[in-house]
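Hi,

Here is the structure I promised to pass on. Have a look at it first, and my notes follow underneath.

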Amino acid sequence: MGKPTGFMEYKREESRSEDPLKRIGHFNEFHQHLPKEKQQLQGARCMECGVPFCQAGMMISDMVSGCPLHNLVPEWNDLVYTGNWRQAYSRLKKTNNFPEFTSRVCPALCEAACTCGLNGDPVSSKENEYAIIENAYEEGYAAAEPPKVRTGKKVAVIGSGPSGLAAADQLNRRGHFVTVFERSDRIGGLLMYGIPNMKLEKRIVDRKRRIMEEEGVVFKTGVDVGKDLKASALLQEFDRVILACGASNPRDINAPGRDAKGIYFAVDFLKANTKSFLDSHFEDGAYVDTKGKNVVIIGGGDTGNDCVGTAVRHGAKSVIQIEMMPKAPDKRTESNPWPEWPRVCKTDYGQEEAIAVYGHDPRIYESTVKEFLKDKNGNLKAVKVVKLSWEKEQESGRMKMREAPGSEQVLDADIVLIAAGFLGAQKYVAEAFGLELNERTNVKTPFGAYRTSQEKVFVTGDMRRGQSLVVWAIREGREAARAVDESLMGYSNLVVQ
């Protein structure tokens, strides 16, 4: 695949990011991508490695190595190199319903497992993927392709995040009549309201929604199944129902002073910000304004970083991000060899912007909030944080966090954003369909299956497996669609991988 000597002849080149001090002045995507000719040379870097871990999607040391969708990465890298863009699009779409999303928000598991990365820089497969899908839209062959034959079967999909959309797309291709119900006012789930516009412009989500509508998928927004619409009505009208409602319960921080005014869950903060931006470009004021405020973000993951970037754009006086875990090493250690996922320190776009604005990395490691401090009116004024140390328990051998004596410090805080992850599915949806939740508060299913205890009801995505990546959500949706198709038709010709 690619050019056998390409990885030696051509250096890795990536899209250039707009300068942090400039891009914080807007909420649009800020990458300047390579011209097509240069991108083709990046495809040439894909070596004939023989064992393409990039597409493996396998567990190594409890971490995923390679693409969970089993994307045919070497094939479409080669087709990019030879300029066969349409065929590259065909091979890409065979395993991935939404490359327009993954090429923007996926952490590039394929590149972390690339053989070129063992002793050099990996192939820029994520940006090759971006070039393939955007070229397809420009040339017109990413247009709608409605199914030629309909089965007469009707499927309801509850939730329009990446998993629900993938299931809907697959089942519609098969010829079933698919209706997607979304409780928000816009389609997309976390793609729409969980990911800021500068990371994924919402016109990209709308573009794909319009194509799916042209292909026959029906979308109904503002419908909260289990509240506005009874489960019994859906089960009567549809042959099958797929629940794809996500892991919607944010993990809280139970510390004294939690009732202070000025503490928000990150998901609510990000949703309000994006909705106000889309509705009125912030003129309605229906968002949490961080201008001139001291902002403390609890949580060191992608969502915490998105909060950093959003707060900086609104002109926060200061931004601090608190992480419980120690700082990861800057390079792979001997205990974390290729092709394992690299456990290394990553400085993302929001942190880059905070460094540019405030002159230092916003992250404080091995720390947690011990108390929220209020003024006499109940407004948040500061947070008391404490350093953590990790100790091994003698009996269990497990590592446990303990407070480091004398390490308390007080940080000024007008706004706190809790980005500590999610605990599982919301109960009312499961209860509406008479479904059980497991110990992780996800909908209970047999191991490796998508069918629930109710014959006509299936579940997929974060609602089944817990909080995860967009790429995993798409794979879950594809597999759930195949399971539904088999239950309806007795067999399935839907390709999962």
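Which residue does Glu476 form a salt bridge with? Before the reply, one caveat: this is a predicted model, and everything below should be read that way.

The partner is Arg464, and the closest N and O atoms of the two are 2.7 Å apart. Glu476 sits in helix 18 (residues 470–489) and Arg464 in helix 17 (residues 462–465), so this salt bridge ties together parts that are twelve residues apart in sequence. As for burial, Glu476 has a relative accessibility of 2% and therefore counts as buried, the limit being under 20%. Arg464 is buried as well, at 16%.

Arg464 turns up again at the second largest pocket. That pocket holds about 390 Å³ of space. It is lined by 14 residues, and Arg464 is among the closest to its centre, together with Thr445, Pro446, Phe447 and Gly448. By type, the lining splits into six charged, four polar and four nonpolar residues.

Back to salt bridges: the whole structure has 36 of them. Two more pairs that I looked at:

- Arg207 and Glu134 form one, with 2.9 Å between the closest N and O atoms. Arg207 belongs to helix 11 (residues 202–214) and Glu134 to helix 8 (residues 125–139), so the pair links parts that are 73 residues apart in sequence. Arg207 is buried, at 16% relative accessible area, and Glu134 is buried too, at 12%.
- Lys370 and Glu408 form another, at 2.7 Å from N to O. Here Lys370 lies in strand 13 (residues 367–374), while Glu408 is in the loop between strand 15 (399–403) and strand 16 (409–412), so the parts tied together are 38 residues apart in sequence. Lys370 counts as partly exposed at 32% relative accessibility, and so does Glu408 at 42%.

There is also a network of salt bridges, which links Arg23, Arg313, Glu352 and Glu353.

Now the nonpolar interior. In soluble globular proteins, nonpolar side chains tend to be buried together. In this model the largest nonpolar core has 40 residues, and Leu171, Leu191, Leu200 and Ile242 have the most contacts inside it. At least two residues each come from helix 6 (99–105), strand 5 (154–158), helix 9 (162–174), strand 6 (177–182), helix 10 (190–193), helix 11 and helix 18. Which element gives the largest share of this core? That is helix 18, with eight residues. Helix 18 is also where Glu476 of the first salt bridge lies.

If you want one residue to centre your view on, try Ile242. Leaving aside residues up to four places away in sequence, Ile242 touches Val155, Ala156, Val157, Ile158, Ala167, Leu171, Phe458, Thr460 and Val484. Apart from the largest core lies another one, of 20 residues, including Val223, Phe238, Ala430 and Val443.

Helix 3 (residues 36–44) has a buried set of its own: Gln39, Gln40, Gln42, Gly43 and Ala44. What do the buried residues of helix 3 pack against? They meet helix 1 (6–9), helix 4 (73–81), helix 5 (85–95) and helix 8. Helix 8 is the one that carries Glu134, the partner of Arg207.

Last, some backbone geometry. Most residues other than glycine have a negative phi, and most peptide bonds are trans. These spots go the other way:

- Trp338 and Pro339 are joined by a cis peptide bond, with omega at about 5°. Pro339 is in the loop between strand 11 (318–322) and helix 15 (349–358).
- Ser61 is not a glycine, yet its phi is positive, at about 55°. You will find Ser61 in the loop between strand 3 (58–60) and strand 4 (63–65), where it is partly exposed at 46% relative accessibility.
- Thr441 likewise has a positive phi, near 60°. Thr441 is in the loop between helix 16 (427–432) and strand 18 (457–459) and is partly exposed, with a relative accessible area of 30%.

Over to you, and happy browsing.

Technical notes
Residues are numbered from 1 along each chain as its sequence is written. This is a predicted model: local features need pLDDT of at least 70, side-chain atom pairs count only at pLDDT 80 or more; totals for chains, interfaces and linings use all residues. Side-chain values use heavy atoms; hydrogens and water are left out. On a 1 Å grid over the protein atoms alone, a cavity is a set of points where a 1.4 Å probe fits but cannot get out, and a pocket is an open set with protein on both sides within 12 Å along at least five of seven lines; lining residues have an atom within 4 Å of a point. Grid points are joined across faces, edges and corners, and a volume is the space filled by probe spheres set on the points. Ala, Val, Leu, Ile, Met, Phe, Trp, Tyr, Cys and Pro count as nonpolar, Asp, Glu, Lys and Arg as charged, and the others, Gly among them, as polar. A salt bridge is a side-chain nitrogen of Lys or Arg within 4 Å of a carboxyl oxygen of Asp or Glu. Helices (H or I, at least four residues) and strands (E, at least two) are DSSP runs, numbered from the N terminus. Buried means under 20% relative accessible area, exposed over 50%, partly exposed in between (1.4 Å probe, protein chains only). A nonpolar core is a set of buried Ala, Val, Leu, Ile, Met, Phe, Trp, Tyr and Cys residues joined through side-chain atoms within 4.5 Å. Contact means heavy atoms within 4.5 Å.
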